[in-house]
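Here is a short walk through one chain, taken a piece at a time. Have a look at the structure first, then read on.

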Amino acid sequence: MSLSKENIQFIDNYLKNSEVIYYDIRMEMLDHVASAIEQKMEAENLDFYDAFKSYMVLNKKVILKGNSIWSMYSKGTILSFLKFLIKPFMILIGILFYFFFKNIDVTSYFSDSFSINNLFLVSILSIVLFQTVYFYIYLKERFFAIEKAGGVLALLYYAQIFFFNGFDKEAPSSIVVAIFFYLLCAYIIYFINEILKFNKKNKLLLQ
């Protein structure tokens, strides 16, 4: 027996009301629950609602337990980004950044009122603003697979405060500038890559 669109929507609403806030996690749970209920309906000759109630009584705690273990600052997120940094094309980009900032004194194009330190901070805040508007206002959904990348951006923000000496007027060295702009560029590429991976996975779940 296959579930109707109304049945699928019922399960989705149930998971929403159970505070499964991330769309991608909810879709994986929805796929799992729907498949299990279909099997139960066929095996025990039950209608949808009886099969749903019977299944959730036994499995609700186990299913929803996975919703409480996610963390933006997970070890897996950080390791994933670090592995991304050592990909051949990212190493090439890093080398290009190094030679660019080593041979061109970009700090001379800035002033005391707006230093390269400020540019890096504004760049981070602009990315945060874009992510917030795009996901919370335009899509109106939260996506864990994408939000978790924000943990990397937060670490870059705190690192730039430490290495760029906060609001000091002294310009950072060319190596420090190259490293931070390389990391920021890597984050943008990593973030886009996470979106593409999520979209591909989401299409498979919705088939």
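## Just past H1

Right after H1 comes Glu-19, with a positive phi near 65°. Keep in mind that this is a predicted model, so treat that angle as a computed value.

## Helix H1 and its two faces

H1 itself covers residues 5–17, which makes 13 residues. From first C-alpha to last, H1 reaches 18 Å, close to the 18 Å expected at 1.5 Å a residue.

Which residues of H1 are buried? They are Asn-7, Ile-11, Asp-12 and Leu-15. These four cover an arc of only 135° around the axis, so they sit on the same side of H1. The general rule behind this is handy: an α-helix has 3.6 residues a turn, so residues three or four places apart point the same way. Turn to the face of H1 that points away from the buried side, and you find the exposed residues Lys-5, Glu-6 and Asn-17.

## Arg-26, a buried arginine

Now move along to helix H2, residues 23–44, which is where Arg-26 sits. Is Arg-26 buried or exposed? Its relative accessible area is 2%, and the cut-off for buried is under 20%, so Arg-26 counts as buried.

Leaving aside residues up to four places away in sequence, Arg-26 touches Asp-12, Leu-15, Lys-16, Val-20, Ile-21 and Glu-141. Two of those names should ring a bell: Asp-12 and Leu-15 are among the buried residues of H1.

## The nonpolar core

In soluble globular proteins, nonpolar side chains tend to be buried together. Here, the largest nonpolar core has 54 residues, and the members that touch the most others are Ile-11, Ile-37, Phe-81, Phe-101 and Tyr-187. Helix H9 (residues 174–206) gives the most to this core, with 13 residues.

Take Ile-37 from that list: again not counting residues up to four places away in sequence, Ile-37 touches Leu-3, Ile-11, Phe-48, Ala-51, Phe-52 and Tyr-55.

## The loop after H2

Asn-45 lies in the loop between H2 and helix H3 (48–65). Its phi is near 55°, a positive value in a residue other than glycine. With a relative accessibility of 66%, Asn-45 counts as exposed.

## How far to trust it

Across the chain, mean pLDDT is 80, and 85% of the residues reach 70 or more. Where is confidence lowest, and where is it highest? The low end is helix H7 (residues 144–147), with a mean of 73, while helix H5 (residues 88–103) tops the chain at 90.

Note on methods. Residues are numbered from 1 along each chain as its sequence is written. Side-chain values use heavy atoms; hydrogens and water are left out. Helices (H or I, at least four residues) and strands (E, at least two) are DSSP runs, numbered from the N terminus. Buried means under 20% relative accessible area, exposed over 50%, partly exposed in between (1.4 Å probe, protein chains only). Contact means heavy atoms within 4.5 Å. The expected span of a helix is 1.5 Å times one less than its number of residues. The arc is that of the directions from the helix axis to the C-beta atoms. A nonpolar core is a set of buried Ala, Val, Leu, Ile, Met, Phe, Trp, Tyr and Cys residues joined through side-chain atoms within 4.5 Å. pLDDT is the predictor's confidence in each residue, from 0 to 100.
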